[in-house]
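Hi,

Here is the structure I said I would pass on to you. Have a look at it below, and then read on for what turned up.

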Amino acid sequence: MEAPGAVALGLAATAGGIAGVATMRTLGQPQLAAALGVVLAGGVLAALVRAAFLQVRRRVRSRRSLAASLHALDHAHLRLVAAVDNMSQGLCMFDRDERLVLCNARYREMYHLTGPAARPGILLADLLRERAASGTFTEDVDAYRLHLRDALASGRRIHLQTELPDGRIVAVVNQPMPDGGWVATHEDITERQRALWQIAHMARHDALTDLANRLLFSERMDDALARLRLTGDGFVVLTFDLDLFKAVNDSLGHPVGDGLLRAVAQRLRDAVPSDCTTGRLGGDEFAILQPAGLMRRDAAAALATILLAAIGAPYDIDGNRIEIGISIGIALAPDHGDDTSTLLKNADLALYRAKAAGRHCYRFFEAEMDAEARMHHVLEIDLRNALSRAEFELHYQPVVDIASQRPCGVEALVRWRHPVFGLIPPDRFIPIAEETGLIAPIGEWILRRACTDAASLPPDVTVAVNLSPIQLRSAVLVETVQEILAEAGLPASRLELEITESVLLQRTSGTLGTLHRLGALGIGIVLDDFGVGYSSLGYLRLFPFTKIKIDKAFVGEMGQRSDCAVIVGAISGLARALDMKTTAEGVETADQFALVRAAGCTQAQGWLFGRPVPIAALDFSETPLLADLPA
């Protein structure tokens, strides 16, 4: 028998169910009401209603979750699209059938493609044709496809680099996918690649002239030597520098000097054949590697002649007219060497020979030059000890007053009495002294000894001493000269200091100031070798010289060339107008003496009046040296 509470609950539920059935009948659903009535009669209506409610609630929740998931997925998709389209690289993906799955905005922008041209589903071949139409693809489409597919078949990442018709450089990376498709990224690396090329270029080219530097020139020589060993093809090495470039650089400033080097480089680019390598090895030193066959000597001579004319023509640098020359040394391979260092060394030896021959010319290497170079090295070593060993001595050459035909002065000329090689003239060791910096102490010794010797000569005889540019740049030169004059007891008016035009090419305020201070002491300042090299009338405005020495090259030709006689006469007249004396150098015959006297020169010097001799051998007798000539 059921408990009263349970019976009550069942009745209540039944009552509720009956009421619901009645309601359904009222709503016109008799079949459903009948079915529910049967169910309710079984007493399970409450459980079924509850289950139905839970199921509905679960479905509602599931739909809300799905909607939320779809919303999140849409949001993630938008973010992915935004990220892909804002990449700095172009991106595209292809399936295994070579159909485009997607590409980003950067890819379309890089290759000037419109939306339809890069639509999903388009075949790679058609996409490449679209690129060809836009001017961003020039290769064969089918060949490119086959090459790419073969490369991707290896399963490895493929790197490509291509230059577009408009000059852009693009790096492409193709990454294979397991399903047979691939993803490609396209990056514009134009600026990066050009920067790398520039760095590589700078490593092998001179920054000032953009010619090959020493590294690249050596590499090209190594290549030429390798070809020589393989095929027997010879070549030529030419080295040259600019005559008196340092003087131009110091006088007009480094910007003008740099401008001159750039102008020389441009002339080399215009004059030298394109199959040659032209390099700047440092400073004003240049070199050319010239391919040549059996006629390489003739080819080298022809190129050297072109260089002398091209580089020797006047320059206008920042309003400054500059005239320079070049001295060229030539070595032939394999005749003069079969390695880089030997060929460059031998070309340099030939270059030194060209300078010794008077500059602005070329010389081929000769075997005896190597012996001279070794001799040069020996002299350099011995020269460092020559002063301490008292191996220098002075010889003096008379200077004659033309009017009286009597000596009026002497020029001090240094000699080196070498313990092995005997008496060495100054032109053999003075250049070495200047290269090594020994000219300063040697020059001071010459000046001191000359003033001491001159004090023993007649009081109307002057002594002339050559002053090197290095000495003139000394900050204590004036004080040193004053000290030497005081020690020797020699009046300043009896001392003449001779300078060359190279000093004036370096006309710095310090140099001119030193000359003025020396002149203020009463010392004569003489301009030596006037009329050759880079002589300019402008030099005579820079400083009030007391004397001009006319170069022997003009004096020696006066009897054969009328133009030389005119030049000597013009210089003499100009000096007279400027209250300067003139000394004609290199007078060797009575006829030359008569000509320089007729030209108006005031003094003469040369073998006609005596060769340089030690102080004790000088003769200052009262008898005119040329008594047989009419006064």
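**Cysteines first**

The sulfur of Cys103 sits 6.8 Å from the closest cysteine sulfur, which belongs to Cys92, and that is too far for a bond. In fact, searching the whole structure turns up zero disulfides (a disulfide being a pair of cysteine sulfur atoms within 2.5 Å). Cys103 is buried, at 11% relative accessibility, and so is Cys564, at 5%. Buried here means under 20% relative accessible area, exposed means over 50%, and partly exposed is in between, with a 1.4 Å probe and protein chains only.

**Before you dig in**

Do keep in mind that this is a predicted model: local features need pLDDT of at least 70 and side-chain atom pairs count only at pLDDT 80 or more, while totals for chains, interfaces and linings use all residues. Residues are numbered from 1 along each chain as its sequence is written, and side-chain values use heavy atoms, leaving out hydrogens and water.

**The overall picture**

The chain has 631 residues, and 42% of them count as buried. It contains 23 helices and 21 strands; these are DSSP runs numbered from the N terminus, with helices (H or I) of at least four residues and strands (E) of at least two. Of the contacts between residues at least 6 apart in sequence, 60% join residues at least 24 apart, where contact means heavy atoms within 4.5 Å.

**A cavity, and His186 beside it**

How many cavities of 30 Å³ or more does the structure hold? There is one, with about 90 Å³ of space in it. Of the 14 residues lining this largest cavity, Phe94, Tyr107, Leu124, Tyr144 and His186 are the closest to its centre. On a 1 Å grid over the protein atoms alone, a cavity is a set of points where a 1.4 Å probe fits but cannot get out; a pocket is an open set with protein on both sides within 12 Å along at least five of seven lines, and lining residues have an atom within 4 Å of a point. Volumes are the space filled by probe spheres set on the points, which are joined across faces, edges and corners.

Strand S1 (90-94), helix H5 (124-133), helix H6 (141-152), strand S4 (169-176) and strand S5 (182-188) each supply at least two lining residues. H5 gives the largest share, four residues. By class, the lining has 11 nonpolar, two polar and one charged residues. Ala, Val, Leu, Ile, Met, Phe, Trp, Tyr, Cys and Pro count as nonpolar, Asp, Glu, Lys and Arg as charged, and the others, Gly among them, as polar.

His186 is worth a click. His186 lies in S5 and is buried, with a relative accessible area of 5%. Its side chain makes a polar contact of 2.7 Å with the side chain of Tyr111. (A polar contact is a pair of N or O atoms within 3.5 Å; within protein, one must be able to donate a hydrogen and the other to accept it, and residues adjacent in sequence count only if both atoms are side-chain atoms.) Neighbours within four places in sequence aside, His186 is in contact with ten-odd places you can light up on screen, including Gln89, Cys92, Tyr107, Arg131 and Val172.

**The second largest pocket**

This pocket holds about 230 Å³ of space. Among the 20 residues of its lining, Thr462, Glu496, Lys547, Lys581 and Gln603 lie nearest the centre. Strands S13 (392-401), S14 (406-418), S16 (462-466), S17 (495-499), S19 (547-550) and S20 (581-584) are the elements giving two or more residues to the lining. The lining divides into five nonpolar, nine polar and six charged residues.

**Backbone oddities**

Most residues other than glycine have a negative phi, and most peptide bonds are trans. Where might you look for exceptions?

- Ala333 and Pro334 are joined by a cis peptide bond, with omega about 10 degrees. Pro334 is in the loop between strand S11 (326-333) and helix H12 (340-356).
- Ala390 has a positive phi, near 55 degrees. Ala390 is in the loop between helix H13 (367-386) and S13, and is exposed at 67% relative accessibility.
- Asp579 also has a positive phi, near 60 degrees. Asp579 is in the loop between helix H22 (562-577) and S20, and is exposed at 70%.

Cheers
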